[in-house]
Every structure is written in structure tokens, then in C-alpha cells.
Amino acid sequence: RRHRPACVWVEQPSGAFNKPQLYYVVGVLCAALFEALACPVWTIPSSTWKKRSLGWGNATKEQVAQYVTDNGYPFDGQDEADAICIAVAGRAMFQGRSWEASAA
């Protein structure tokens with residue numbers, strides 16, 4: 001409550017199968033975050049956060065977990081490892097003032 005985030009990134013839904021319900025949920029989540037935190041909220045594709053945090057966009061789950069371990073972040077499971085990398089990518093985008101998820 002004392003320190004609101006400057007911005008928030010949420011992983012953009014993706015996958016082999018189109019799941020409209022998942023897009024709706026992410027949209028509601030983004031709207032709720034914007035309302036609650038009063039800061040910009042963006043979605044970021046997995047290939048973008050992987051490229052911005054690990055250096056390449058097609059990293060495997062094992063490579064993501066290894067990156068997180070190598071950088072000393074404690075985590076419990078793949079979802080937390082992904083969230084840490086999304087935060088790392090978001091920080092890089094914020095510091096570089098590059099808001100476009102597709103930008104390199």
C-alpha cells in the first residue's frame with residue numbers, strides 16, 4: 001500500500017488452441033489491476049518476456065528455471081519462475097522506456 005507499482009505486465013494468453021474464455025479472464029484481470037493500482041497494465045507475449053529476460057524468445061521451461069536459479073531468485077514452481085522473468089522483462093522495458101511488447 002505504501003509503494004504502488006509504476007506499471008504491471010501480465011502474460012498474454014497463447015497456445016495451440018484458441019480459448020476465448022482465457023482472453024476474457026485476462027482482460028478482466030487487467031481492468032481490475034488498473035482500477036486497484038491506478039497504474040498502466042500491459043500484456044506481454046511469452047516470447048517477448050523470454051527474449052527480454054533470458055536473451056532469446058524460445059526458451060524452454062527448464063531454461064527459464066535455470067535462469068531464475070542462476071540469478072539467485074527463490075521460487076517455488078514453474079509459474080513463479082515465469083513470473084520472475086516477466087518482472088525482469090518488465091523492469092527492462094520500464095527502464096528503457098520501451099512499452100511496446102513486440103519491440104526488441
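Biologist: How many of the eight residues of α2 are buried?

Modeller: In this predicted model, helix α2 spans residues 46-53. The buried residues are S46, T48, W49, K50, R52 and S53. The helix is thus mostly covered, and the number of its eight residues that are buried is six.

Biologist: Against which elements do the buried residues of α2 pack?

Modeller: Among the partners are two strands, β1 (8-11) and β2 (41-44). The others are helices, namely α3 (61-70) and α4.

Biologist: Are α2 and α4 roughly parallel or roughly perpendicular to each other?

Modeller: The axes of α2 and α4 (residues 78-95) come within 8 Å and cross at roughly 70 degrees. Angles of 65 to 115 degrees count as roughly perpendicular. The two helices are therefore roughly perpendicular.

Biologist: How do the residues of the contact of α2 with α4 divide into nonpolar, polar and charged?

Modeller: From α2, the contact is made by W49, R52 and S53. From α4, the residues are D82, C85, I86, V88, A89 and M93. They divide into six nonpolar, one polar and two charged.

Biologist: Does S53 count as buried or exposed?

Modeller: S53 lies in helix α2 and, leaving aside neighbours within four places in sequence, is in contact with Y67, C85, V88 and A89. Buried means under 20% relative accessible area. Because its relative accessibility is 11%, S53 counts as buried.

Biologist: Which backbone oxygen does the side chain of S53 reach?

Modeller: In an α-helix, residues three or four places apart point the same way. The side chain of S53 reaches, at 2.6 Å, the backbone oxygen of W49.

Technical notes
Residues numbered from 1 in each chain as written. Predicted model: local features only at pLDDT ≥ 70, side-chain atom pairs only at ≥ 80, totals over all residues. Heavy atoms only, no water. Axes fitted to C-alpha atoms, helices over the stretch in contact; angles between N-to-C directions. Helix = DSSP H or I, 4+ residues; strand = E, 2+ residues; numbered from the N terminus. Parallel < 35°, antiparallel > 145°, perpendicular 65-115°, else oblique. Contact = heavy atoms within 4.5 Å. Nonpolar A, V, L, I, M, F, W, Y, C, P; charged D, E, K, R; others polar. Buried < 20%, exposed > 50% of the residue type's maximum accessible area, 1.4 Å probe, protein only. Polar contact = N/O pair within 3.5 Å; in protein donor to acceptor, adjacent residues only side chain to side chain.
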